[in-house]
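User: Hey, I've got a structure open and I'm not sure where to start. Can you walk me through it?
Analyst: Sure, let's put it up and take it piece by piece.

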Amino acid sequence: AMIAAMLAAAKTGPADLVADLGAGDGRIAIAAARDFGARAIGVEYDAKMAALAARNAARAGVADRVRIVEGDIFKEDFSRASVVTLYLLPELNLQLRPTILAMPPGTRVVSYQFTMAEWEPDAVIRGTPWDAYLWIVPAPVAGRWRVADESGSEVAVLDLAQQFQKAGGTISIAGTAQPLLGPTLSGREFRFSFVDRDGGLRAVRLDVSGDRAPGESRLGDYAVRWSARRE
């Protein structure tokens, strides 16, 4: 039941490649393929367990979508995965954390029982006797961004700070700075609000891709395209 809940929380589907690190007997990789239609790679250090996992995948009829690798989770390349599942000791989670944070923004990570220390989860999946945790790899947004409107004219400057998925800072318009209101960062999507010069509350959505972030600024039903570029 917890495996199903973890994979559901990560919104696993047929378009996903699931990397199960420390695959054991293969049950998570098998469930991802059998119940969610995904492709899966299970990485298992113990040769006998890896062989068992491969046999279990064949018995479950998903050997064409599940690949079991006998290898070291710190050496195998799982960078193409869109979902990563973990049931590892806390110190191993921490060792993997830099690699996971370097994965494409939006990658979903679920860990049973153990957390990532000060990287707070985006969601907690309640279970018995242990909970599981979901993280969404955030885009790096820290720095100064210059924002232009549809005509290419500069309309604002963003100065952003970040710790994991917690991001915030200020927006400067015509040289006057104010704090961002309600900033949220989920994968590549960065949202916040601010009060414009006419006293209106504007909602901004940016889609961060490297040093570029197209998006929009909306006041009620009226939206204008914005494009941000990091210095």
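User: Okay, helix α2, residues 27-36: is it largely enclosed by the rest of the structure or largely open, and why?
Analyst: One thing up front: this is a predicted model. As for helix α2, seven of its ten residues are buried, so the rest of the structure largely encloses it.

User: Which residues in α2 are buried?
Analyst: They are Ile 28, Ala 29, Ile 30, Ala 31, Ala 32, Ala 33 and Phe 36.

User: And what covers them?
Analyst: The cover includes two helices, α1 (2-9) and α3 (47-59). It also includes the strands β1 (17-21), β2 (39-44), β3 (66-70) and β4 (83-86).

User: What about Arg 34 and Asp 35, how exposed are they?
Analyst: Arg 34 is partly exposed, with a relative accessible area of 48%. Asp 35 is partly exposed too, at 47%. Their side chains meet in a salt bridge, 3.0 Å from N to O.

User: Why would two side chains pair up like that?
Analyst: Side chains of opposite charge can pair when their charged atoms come close.

User: What follows α2?
Analyst: Gly 37 does, and its phi is positive, near 75°.

User: Let me zoom out. How many helices and strands are there in the chain?
Analyst: The protein chain has four helices and 16 strands. Its C-alpha trace spans about 65 × 30 × 30 Å along the principal axes.

User: How much of the chain counts as buried?
Analyst: That's 46% of the 231 residues. The chain exposes about 11800 Å², and carbon and sulfur atoms supply 52% of that area.

User: What share of the contacts comes from residues 24 or more positions apart?
Analyst: They account for 45%, counting contacts in the chain with a separation of 6 or more.

User: Back to charges. How many positive and negative side chains are there?
Analyst: There are 27 positive and 28 negative ones, and the centres of the two sets lie 3 Å apart. A search of the whole structure finds 15 salt bridges.

User: What does Arg 188 pair with?
Analyst: Arg 188 meets Asp 207 in a salt bridge, at 2.8 Å from N to O. Arg 188 sits in the loop between β12 and β13, while Asp 207 is in strand β14 (residues 201-207), so the pair ties together parts that are 19 residues apart in sequence.

User: How exposed are those two?
Analyst: Both count as partly exposed: Arg 188 has a relative accessible area of 36%, and Asp 207 has 26%.

User: What about Arg 191, which side chain does it meet?
Analyst: Arg 191 forms a salt bridge with Glu 189, 3.0 Å from N to O. Arg 191 is partly exposed at 40% relative accessibility, and Glu 189 is partly exposed at 33%. Elsewhere, salt bridges that share partners join Arg 146, Glu 154 and Glu 231 into one network.

User: Different topic: which residues make the nonpolar surface patch?
Analyst: Leu 181, Val 195 and Leu 201 make it, and it covers about 240 Å². Leu 181 belongs to strand β12 (residues 181-186) and is partly exposed, at 37% relative accessible area.

User: And Ser 193, where is that?
Analyst: Ser 193 is in strand β13 (residues 189-195). It counts as buried because its relative accessibility is 19%, and the cut-off for buried is under 20%.

User: What does Ser 193 touch?
Analyst: Leaving aside neighbours within four places in sequence, Ser 193 is in contact with Leu 180, Leu 181, Leu 201, Arg 202 and Ala 203. Leu 181 and Leu 201 are the ones I mentioned in the nonpolar patch.

User: Last thing, backbone oddities. What's the usual pattern?
Analyst: Most residues other than glycine have a negative phi, and most peptide bonds are trans.

User: So where is there a cis peptide bond?
Analyst: It joins Thr 128 and Pro 129, with omega about 0°. Pro 129 is in the loop between β6 (123-125) and β7 (132-136).

User: And what is phi for Ala 117 and Phe 164?
Analyst: Ala 117 has a positive phi of about 60°, and Phe 164 has one near 55°. Ala 117 lies in the loop between β5 (108-112) and β6, whereas Phe 164 lies in the loop between β9 (154-163) and β10 (166-173).

User: Are they buried or partly exposed?
Analyst: Ala 117 is partly exposed, with a relative accessible area of 46%, but Phe 164 is buried at 16%.

How values were computed. Residues numbered from 1 in each chain as written. Predicted model: local features only at pLDDT ≥ 70, side-chain atom pairs only at ≥ 80, totals over all residues. Heavy atoms only, no water. Patch = residues over 30% accessible without salt bridge, like charges linked within 9 Å, V, L, I, M, F, W, Y side chains within 5 Å. Areas by Shrake-Rupley, 256 points an atom, 1.4 Å probe, with all protein chains shown as cover. Salt bridge = Lys/Arg side-chain N within 4 Å of Asp/Glu carboxyl O. Buried < 20%, exposed > 50% of the residue type's maximum accessible area, 1.4 Å probe, protein only. Contact = heavy atoms within 4.5 Å. Lys, Arg positive; Asp, Glu negative; His and termini not counted. Charge placed at Lys NZ, Arg CZ, Asp CG, Glu CD.
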